[in-house]
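Hi,

Here is the structure I promised to pass on. Have a look at it first, and then read my notes below.

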Amino acid sequence: MPLRLRHNNRKQVNYMKLSEIIKHVQGTVLNPEVQTDAEIIGGCGADLMSDVLAVVKPEAVLLTGLCNLQVVRTAEMADVRAIVFLRGKQPMPEMVELATQKGIPLISSQRGMFECCGRLYCSGLRSFETNMNGSHE
Amino acid sequence: MSSTLQETQGRKGRPITDNDAQDITRIEELSYDLRIFEVMSREVFTLAPNQTIRDGLELLRIKRISGAPVVENGDLVGVISTEDLMRALTQNDLKSPIRTYMSANVISVKSYEPVVKALETFARTNVGRLPVTNEHDQLVGMITKGDITRGVLVAIRKDYQEEEIRRYRVRHLFEDITSDRTSLILRYHIKPRDFINGGQASSHIKRAMLRLGASAQLARQCGIAVYEAEMNLIIHTTNGGILRVQIEPHRILMQTTDDGPGIPDVNKALQPGWSTAPQEARNMGFGAGMGLVNIKSCVDKMEIFSGAGKGTRLMMEIHLRPEEKFSAAEGTEEPGI
C-alpha cells in the first residue's frame, strides 16, 4: 500500500504495546529477561543524545543508529522505556548488562532509521520530537 | 549436574539476570546463614522401642505424621517410618515391639549445623524427615523440607521488611531531622575523557532523589541536568571536576566546578547547536551543542561563571513546588509525564 494513503488515514494511538513495535521494526529483543509488554506513548529517532534529552518525554521508544553505553545512560536519565538499534547494530555486553539492570529492553532491527520511524509513525505512534518552533507535527 | 545447568542457564532455561542472581544468592546465603534449630519443629512425637506396632500406627494416624524417632532413656536409638509399619502390617504383626521393624541406623543432623547440611542429607539419602540432635546427641527436634521452605520464607519476609523500613527512613529523612537549615550534599569526582563511566554519578543522583521520595518528574529533571553537566566535565575539562548536588527540603542546588580550560564566550556556548566538542565526544553521541540548552530547560535557574584560561563553575537550581517539598507528608508522589 502506498505510504501516502496510509498517512492520510493515519489515526494516532494513545499508546502502542512494545511487542507491536518490535513487529513493526522486525526487531529482535536482546535482553528477553526484561519485561517487553510495556505501553509506549511515543517515539523519538536520533543519533545525538543531547537531541534525545532535549525532546523526549517519558515512556518513549528511542530509535538510534548510535550504539554505546551513553545511549543506555541517556535512556535511563530520560525515562525512555525501550531502545531500538538500527541497521543490525549489536550492543556490547556491558550495554546489555546495564540495560537489563535498569529494566530497559534493547531491540535490534536490520532496518534503517527512515523506514522504522516511518512505519511506526504511520501505524499511529505519536512523535515525541518537538519542532524548534515549539509545535508538534 | 542440575545445579551447573541452573548456574549457566537460570530458571526456565533463560540466562540469569541480575535480579535472578540476587534472588539465588540470597536463598543460597540463607541456607548457610540459617541454623537447623531456627527452622526445625521442636514438638516431637517419639516412640519407645518396646511399644507395639499398633501404638506406632495410632501415633502416626492421630498426629498425621509419616514417621517418628524411637527414643530409649533419652537416646535416639532408631526411627520408624510408614514403610516400616506397612511391612509389619503385611506380616499381620501388630503386637510386635517397634524395635523389630525400626531402622536402627539413624541418619540425623545436628541442631547447630546450617540448613544446607539438612538439604544435602535429604538429597543424599532420599528420606523426608530427619531427627535433630544437640551436641550431647539428645533428640531436640525434627526437620522436613517443608520446615526449611517455611524458614527461608520467614527470613526473606524479614529481609523485605527491613528494606521497607530503610526506605521509609530515607524518605522521611528531612522530617526526622530538625535544624534551621538541613541539606544533604552528594559529591562526585568526574574524570576527564572517562566515557565508559560517564553518567554513573548522574545515575546515582537520580536514584538518590527517587529514594528520598522525589516524584518521577523531578528525578528526571535533575537526572537530565546533572547528566549533561557530568558529560561536559568529561568532554571538555583538562583535569575533570567536581559534581555536587545539595538537596534541601525546598530546593535542589546542582553545581559543577573545574579548573579549565574555561569557556571564552559564555553567550556563544548558550546558543543551541554551538559546540566545541572533539570528535571522540561526537562519536559517543555528544557535541550536538544542546547541553546547556537542555540544562536550562530542566532547571529554574542556571548560571555559568567562566572565561578563557579560567575554571568553569556551572550552577543550577530547581525550586520545589509546595507539593514536591521533601518535608511534605506521604502521598505527594505523582507519575511524571
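One term before the notes: I call two residues in contact if their C-beta atoms, placed from the backbone, lie within 7 Å. Keep in mind too that this is a predicted model.

With that in hand, chain B first. Among its contacts with a separation of 6 or more, 61% link residues 24 or more positions apart. The chain has 337 residues, 29% of which count as buried, and its secondary structure comes to 14 helices and 10 strands.

As for how far to trust chain A, the average pLDDT is 88, and 88% of the residues score at least 70. Confidence in chain A bottoms out in helix α1 (residues 3–8), where the mean is 52, and peaks in strand β6 (residues 82–85), at 97.

Now the place where the two chains meet. Chain A puts 23 residues into the contact and chain B puts in 27. On the chain A side, α3 (49–55), α4 (69–77) and α5 (93–101) each supply at least two residues. The largest share there, 6 residues, belongs to α4(A). By type, the chain A side splits into 11 nonpolar, 5 polar and 7 charged residues.

I spent some time on α4(A). Is this helix enclosed or open? It is largely enclosed by the rest of the structure, because 9 of its 9 residues are buried. The buried set includes charged side chains such as Arg73(A) and Glu76(A), as well as Leu69(A), Val71(A) and Met77(A). What do they pack against? In chain A the partners are α3, β5 (60–64), β6 and α5, and in chain B they are α10 (200–211) and α11. Just after the helix, Asp79(A) takes a positive phi of about 55°.

The core is worth a look as well. The largest nonpolar core has 80 residues, and the ones with the most contacts inside it are Val56(A), Leu62(A), Ile83(A) and Ala225(B). Helix α11 (residues 216–236) of chain B gives the most to this core, with 12 residues. If you click on Ile83(A) and skip its neighbours within four places in sequence, you will find Leu62(A), Thr64(A), Val71(A), Ala75(A), Ile104(A), Leu106(A) and Ile107(A) in contact with it. Two of those names, Val71(A) and Ala75(A), are also among the buried residues of α4(A).

On to the sheet in chain A. Its 6 strands make an open sheet in the order β2-β7-β6-β5-β4-β8, with mixed pairing. The edges are β2 (27–29) and β8 (126–127), each of which pairs on one side only. Strand β2(A) runs antiparallel to β7 (residues 106–109) of chain A, over 3 bridges, and one pairing to look for is Gly27(A) with Ser109(A).

Back in chain B, strands β1 (residues 67–72) and β2 (residues 75–81) are antiparallel and joined by 6 bridges. Pro69(B) has Val79(B) as its bridge partner. The two strands form a hairpin with 2 residues between them, and Asn73(B) in the turn has a positive phi of about 50°.

Last one: Glu83(B), in helix α5 (residues 82–90) of chain B. Is it buried or exposed? It counts as exposed, because it has 11 C-beta neighbours inside 10 Å, and the cut-off for exposed is 12 or fewer. Glu83(B) and Gly67(B) are 16 residues apart in sequence, with their C-alpha atoms 8.8 Å apart in space.

Over to you!

Terms used
Residues are numbered from 1 along each chain as its sequence is written. Chains are lettered from A and ligands numbered from 1 in the order in which they are written. Helices (H or I, at least four residues) and strands (E, at least two) are DSSP runs, numbered from the N terminus. A residue is buried if 20 or more other C-beta atoms lie within 10 Å of its own, exposed if 12 or fewer, and partly exposed in between; C-beta atoms are placed from the backbone. Two strands pair if DSSP finds at least two bridges between them. A nonpolar core is a set of buried Ala, Val, Leu, Ile, Met, Phe, Trp, Tyr and Cys residues joined through C-beta atoms within 7 Å. pLDDT is the predictor's confidence in each residue, from 0 to 100.
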